[in-house]
Amino acid sequence: MGLDPEEFTVDELTDELETVDDADELSAVLEAERAGQNRKTAREAIHRRLEAVDAFDDAGSDGADEASEEAETEGEYEETREEVGEAAEGEAEEAAEEDAADAEGGPREPSEAAQEEDGLSHPTADKRHVRALSGGDYRDMWVFCEVQQGELLEVSKEMLGKARELMDQYAADYEEEHVVAFLMGDDCEGLAEECIAYGADVAVYHDDDRLERFLHKPYSEIAAHMARGQGTVESTDWRAYDEPRYVLFPATNNGRDLSAQVQAELDSGLASDCSDLYIEATEISNPVKTGEPGVKKTFERVLHMKRPDFSGFEYSTILCLDNPDRDFHPQGCSVIPGSFEPMDPDPDREGLVVEHDMELEEEWFAVEVTEHDELEAGVDLTGHEVVVCLGRGIGDDPTLGVELGLELVDAFDDAALGITRGIVTSSYQFEGHVEEYTKEERQIGETGQIVAPPLYIAAGVSGAIQHKVGMDESETIVAINTDTDARIRDFSDYFIEGDLFEVLPRLTEALEAGELDVTAVADGGED
Amino acid sequence: MAMRRTDGGAEEGYEHYEAIVVGCGPGGAAAASRLADHGVETLVLERGVEAGSKNVSGGLIYAEESAPYTIDDLFPGMREAVGERPITDYYIHNIAGKKVKTYDLTRLHEHDTDWCDAVLRRRMDAWLEARVHEKTSETGGGVLTGVRVNGLLRENGEIVGVTCDELDPITADLIVAADGVNSELARDAGLMDWEEPDEWFQGVKAVVEMDGERIEDRFAIGADEGVAHLFSGDLFEGVRGGGFLYTNADTLSIGTVFHLDSLVEERAEPHELLDALLTHPLLAQWLGEEYRELEYSAKLVPDSKKVAHREPYRDRLVLVGDAAGQMQAQGPIIKGMNHAVTAGALAADAFARTRRDADTESAGRAYTSMLEESGTMGKLRPRRYEYTSVVSERPLVTRVVEGVLNSPVGGVAVGNPLAKRLLGRAYNSPLLVGMLPDTETGYVTLPSVIGEKLGRTVHWENEVEPPALVDRIGELTYDTDVGNPHIRLRDESYAASGAAVTACPVSAEDFGGGCYRAETVKTNGTEETLVSLDTQPCVECGTCAIVADTEWEHPRGGKGVEFRQG
């Protein structure tokens with residue numbers, strides 16, 4: 001290519017373009033600009049020149065067509081990128097490249113002009129990635145399985161399930177390659193075996209007491225070391241390739257932290273927060289990727305990584321493709337939890353569990369976790385034998401109402417106290433000792449918890465539809481209400497007409513005296 | 001490329017469009033459509049899951065002969081696609097107890113009317129949205145639903161764009177606020193306020209299922225005909241307002257509209273007033289025995305006589321439709337959507353005309369003068385009303401007139417044969433109707449005296465049992481934004497916010513399942529009545545924003561109530 005737009009400011013470029021009369025060459029310059037800085041003003045300058053050249057030379061019409069095509073796609077914002085076709089793919093792939101640049105901690109090749117201007121020393125300007133590969137050998141899909149409190153996170157299992165599905169298809173389309181789980185912690189041999197049950201062919205783990213909690217430095221060092229196949233012969237002889245072909249990380253706080261660093265260590269890019277994945281070939285015309293303008297090149301076995309964009313109003317598909325003289329592998333992404341289904345675990349699945357071998361340097365553990373706190377899980381009303389729910393019928397004396405409800409709860413072996421939305425949003429002044437029972441975390445209904453216990457006792461609950469959907473599946477429903485027209489009567493098995501302030505204490509009393517057989521009631525018994 | 005992303009802050013600049021239209025009702029749709037005609041790159045932001053899902057109207061849309069734009073000019077095929085029925089007959093019923101005097105107002109209805117269709121908003125607005133999206137896509141924009149614009153973006157004190165709950169701020173050369181009666185943008189700009197109940201009406205409506213052939217049979221109309229009935233008189237407990245019934249293709253729209261200040265003053269329950277109409281003997285002939293209500297809805301209506309903004313713009317922001325108070329409700333003339341369409345189209349033309357102008361307010365100024373020159377402002381805010389109201393709305397004058405009407409002399413005056421003819425003619429005069437004072441006289445006393453003196457008694461048994469409020473709420477569709485209520489009570493005392501307990505269309509005294517509940521609370525031996533709020537049943541009408549002390553916003557995009565009929 002004759003002219004590299006990267007070397008010029010837009011004004012300089014405009015002057016330089018005057019010397020180019022060949023439409024093909026101008027198209028190449030345009031492509032290079034798009035692939036590079038993609039300055040709007042520069043693109044306009046090239047378009048103007050293309051039009052001028054076109055006026056004299058019909059042969060150049062190719063380029064002009066492309067130009068108008070671009071103008072069109074600019075407008076149709078609602079189309080997802082893959083629908084827009086070639087041009088869009090070029091862009092998506094750029095995005096991956098940008099990520100790679102970000103992950104490395106700075107622009108890959110800062111222009112000399114910029115260096116001169118800012119007056120800084122740029123100590124890393126000459127840094128070249130020592131392990132950068134070209135024409136490397138890549139295989140398998142690696143899945144980083146995050147562990148917390150001695151258990152695999154759900155998203156780890158979800159990713160294994162998706163990886164299994166992808167690699168089964170891969171085996172059908174191309175050849176057999178493996179799903180490799182890699183994980184670390186203070187005791188994860190058992191978890192590595194669990195990974196096999198959830199779909200991995202190989203599970204590589206590293207145990208160390210100091211790895212109980214996530215620490216950025218040692219975790220990323222170990223992960224990169226594993227991926228490169230470094231370590232003793234025994235721990236690496238199951239593989240014979242340079243780096244993984246694909247890597248999946250969970251898009252959790254720790255997974256995001258780790259994924260950027262590890263992918264940078266492996267000198268590749270990262271598509272963050274993806275929600276769908278598939279593998280197929282793709283045809284690319286971007287000269288940065290093909291090596292020469294105007295030529296299309298097919299990339300095989302490309303991991304297509306879809307991510308919600310613009311707050312989820314559209315999806316971008318990110319591709320991570322090799323340059324002619326530099327590889328971008330592994331193709332890696334982080335995956336939003338909940339995007340995929342785990343497979344049903346099969347404890348008889350066969351697979352290879354490998355303990356990773358590596359010396360961990362003391363200085364990696366300079367960061368020490370001195371204190372940690374667990375967030376409260378809130379109140380779970382499900383799974384109890386009995387749920388006692390209080391509604392706005394307690395309004396005459398809200399505090400007493402809650403006290404009576406709690407006494408009834410205590411009289412059962414396994415009961416929980418719930419409330420309606422009407423209580424949560426009321427202005428009732430509860431006394432301190434019952435106030436904790438009147439918060440949103442105990443709300444039953446459409447916007448709260450949905451329960452289906454064997455016995456549901458609704459005291460002073462009118463039975464609005466929004467409440468009904470939260471308890472309708474209960475086996476036996478007993479309603480206590482002064483209003484015989486209350487909606488709840490329509491879906492109760494037993495309706496006690498009465499004031500809850502009188503009925504609740506009597507129920508409690510009867511229970512404590514052993515006069516009331518609850519199982520009989522729950523079974524729809526004879527009395 | 002596809003939609004452009006801006007992750008960066010100010011240094012990278014915000015996403016920019018030539019025009020942003022907020023709201024995809026008729027006003028927003030008209031504006032966006034005309035902007036696209038002018039080749040303007042236009043982004044439409046709609047907070048509903050689909051246009052129409054947040055929108056309610058009485059249900060008649062007019063095409064006026066004198067209007068510069070009508071909706072079928074801008075959206076050809078609209079009537080065939082989403083018009084329910086053309087309204088070919090128009091009546092008003094003056095009711096006193098069981099006595100009813102009916103006047104045929106078809107002449108008034110047809111005055112300046114090219115056509116008038118009954119419509120349901122979910123269907124109509126969703127159809128408009130699809131057309132708008134198609135048109136605006138061609139000029140580099142489109143419609144985004146589920147996006148709530150929550151305020152104006154300013155730079156150095158000047159309005160330059162909008163901020164959203166869901167997206168990064170977006171800048172534009174023109175911002176059209178077509179965000180409805182509770183326009184958050186109009187208030188952010190300081191152009192409208194939320195203070196005076198007497199500047200608003202509140203309407204509630206039931207959409208009732210009825211087979212098309214049965215409608216034609218019961219209303220004595222053909223397949224391509226429709227009818228509108230208006231109701232006034234003493235069936236609404238003295239609250240100033242009236243009722244309506246419009247025939248749709250296979251439903252009826254039946255509703256009541258009242259002055260909000262009167263609702264508050266009388267402590268009336270809007271849903272009960274609607275029930276009073278539904279169960280009146282007069283309606284038995286149409287409703288029959290089976291009554292199936294598909295949807296209960298409510299909306300505020302600005303009184304354009306008082307609040308139609310004479311200069312609805314600030315910087316590059318223009319207001320259109322309800323957001324600008326452009327809702328004409330003068331006695332039996334009820335027109336809103338047509339004016340919104342006209343205003344939206346004019347705002348777009350104003351922008352196209354002044355596009356190259358460096359002054360950012362020139363579009364707003366041009367829009368204002370086009371509203372005047374086209375006669376739109378004259379209809380919305382008749383000068384003659386401003387002259388007459390000064391006299392006729394004074395309490396003393398009201399009392400005197402009432403006194404005369406209620407006296408034997410007044411009754412005779414209404415009852416004599418000459419007056420009979422004159423009354424029919426007076427109702428049909430747009431000029432006189434435009435002068436009707438907004439007092440009890442026009443709404444209650446005069447119609448009931450007419451009904452009493454001239455009416456014939458209806459003896460039909462009305463067997464309709466309207467659903468209870470709890471069931472009406474239960475039938476509505478909500479996507480509740482759990483833990484993020486869009487209304488907060490600033491003052492929970494009954495004095496400050498108690499009016500909402502009755503005035504809110506989904507609340508009532510002694511009803512625990514509504515938005516606003518009065519609760520007697522005992523603290524340390526003293527007892528006081530407090531008001532509590534649950535926004536879950538909210539139908540987003542805005543009543544409480546005016547009658548209670550609240551911080552009122554719309555729910556986030558796609559959240560809250562979703563009307564299926566509208």
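**Figure 1. An arginine's charged end over a tryptophan ring in chain B.** This close-up comes from a predicted model. Look for B:R187 and B:W194: the charged end of the arginine sits over the ring of the tryptophan, 3.8 Å from the ring's centre. Chain A offers a similar kind of view with A:R489 and A:F495. There, the charged end of A:R489 sits over the ring of A:F495, 5.1 Å from its centre.

**Figure 2. Two tyrosine rings at a tilt in chain A.** Over all chains, the structure holds 14 aromatic pairs. In this one, the rings of A:Y170 and A:Y174 have centres 5.0 Å apart, and their planes make an angle of 55 degrees, so the pair counts as tilted. To be called stacked, the planes would have to be under 30 degrees apart, and to be called edge-to-face, over 60. Is A:Y170 buried or exposed? With a relative accessible area of 1%, A:Y170 is buried. A:Y174, on the other hand, is partly exposed, at 27%.

**Figure 3. A stacked pair, B:F219 and B:W286.** How are the rings of B:F219 and B:W286 arranged? Their centres lie 5.5 Å apart and their planes are at 10 degrees, so this pair is stacked. B:F219 belongs to helix 7 (residues 212-219) of chain B, and B:W286 to helix 10 (residues 284-287) of chain B, so the pair ties together parts that are 67 residues apart in sequence. Both partners are tucked away: B:F219 is buried at 8% relative accessible area, and B:W286 is buried at 5%.

**Figure 4. An open sheet of 7 strands in chain A.** Follow the strands across the sheet and you get the order 7-11-6-1-4-5-12, with parallel pairing. Which strands stand at the edges? Those are strand 7 (271-274) and strand 12 (352-355) of chain A; each has a single partner strand, so one side of each is left without a neighbour in the sheet. From one strand to the next, the twist averages 25 degrees. If you're wondering what holds such neighbours together, strands of a sheet pair through backbone hydrogen bonds, either parallel or antiparallel.

**Figure 5. Strand 1 of chain A and its partners, strands 6 and 4.** Zooming in on the sheet, strand 1 (residues 138-144) of chain A runs parallel to strand 6 (residues 243-250) of chain A, and 5 bridges join them. You can check the register by eye: A:R139 stands opposite A:P244, and A:W142 stands opposite A:V247. Helix 12 (residues 253-265) of chain A packs on the sheet, touching strands 1, 6, 7 and 11 (331-335) of chain A. The direction of helix 12 makes about 160 degrees with that of strand 6 of chain A. Strand 1 of chain A also pairs with strand 4 (residues 179-185) of chain A, again in the parallel sense, over 4 bridges. Here A:M141 stands opposite A:V179. How many of the 7 residues of strand 1 of chain A are buried? The count is 6, so strand 1 is mostly covered.

**Figure 6. An aromatic cluster in chain A.** Which residues form one aromatic cluster with A:W142? They are A:F144, A:F182, A:W238 and A:F249. You've already met A:W142, the residue opposite A:V247 in strand 6 of chain A.

**Figure 7. The surroundings of A:L417.** This leucine is found in strand 14 (residues 415-419) of chain A. A:L417 has a relative accessible area of 2%, so it counts as buried. Leaving aside neighbours within four places in sequence, A:L417 is in contact with several residues, among them A:L381, A:V388, A:L390, A:Y437 and A:R442. A:G405 is another contact of A:L417; the two are 12 residues apart in sequence and 7.1 Å apart in space, C-alpha to C-alpha.

**Figure 8. B:S448 in helix 20 of chain B.** Here's a serine in helix 20 (residues 440-454) of chain B. With a relative accessible area of 13%, B:S448 is buried. What does B:S448 contact, leaving aside its neighbours within four places in sequence? The contacts are B:I95, B:A96, B:G233 and B:D234. For the wider setting, chain B has 24 helices and 27 strands, and 63% of its 566 residues count as buried.

**Figure 9. A low-confidence stretch in chain A.** Chain A averages a pLDDT of 83, and 82% of the residues score at least 70. Over residues 57-115 of chain A, though, the pLDDT is below 50. This stretch has 101 contacts in the model beyond near neighbours in sequence. Be careful with a view like this: where pLDDT is low, the predicted coordinates should not be read in detail.

How values were computed: Residues numbered from 1 in each chain as written. Chains lettered and ligands numbered in written order. Predicted model: local features only at pLDDT ≥ 70, side-chain atom pairs only at ≥ 80, totals over all residues. Heavy atoms only, no water. Phe/Tyr/Trp six-rings, centres within 6.5 Å; stacked < 30°, edge-to-face > 60°. Buried < 20%, exposed > 50% of the residue type's maximum accessible area, 1.4 Å probe, protein only. Helix = DSSP H or I, 4+ residues; strand = E, 2+ residues; numbered from the N terminus. Lys NZ or Arg CZ within 6 Å of the ring centre and 35° of its normal. Contact = heavy atoms within 4.5 Å. Pairing = 2+ DSSP bridges. Axes fitted to C-alpha atoms, helices over the stretch in contact; angles between N-to-C directions. pLDDT = per-residue confidence, 0-100.
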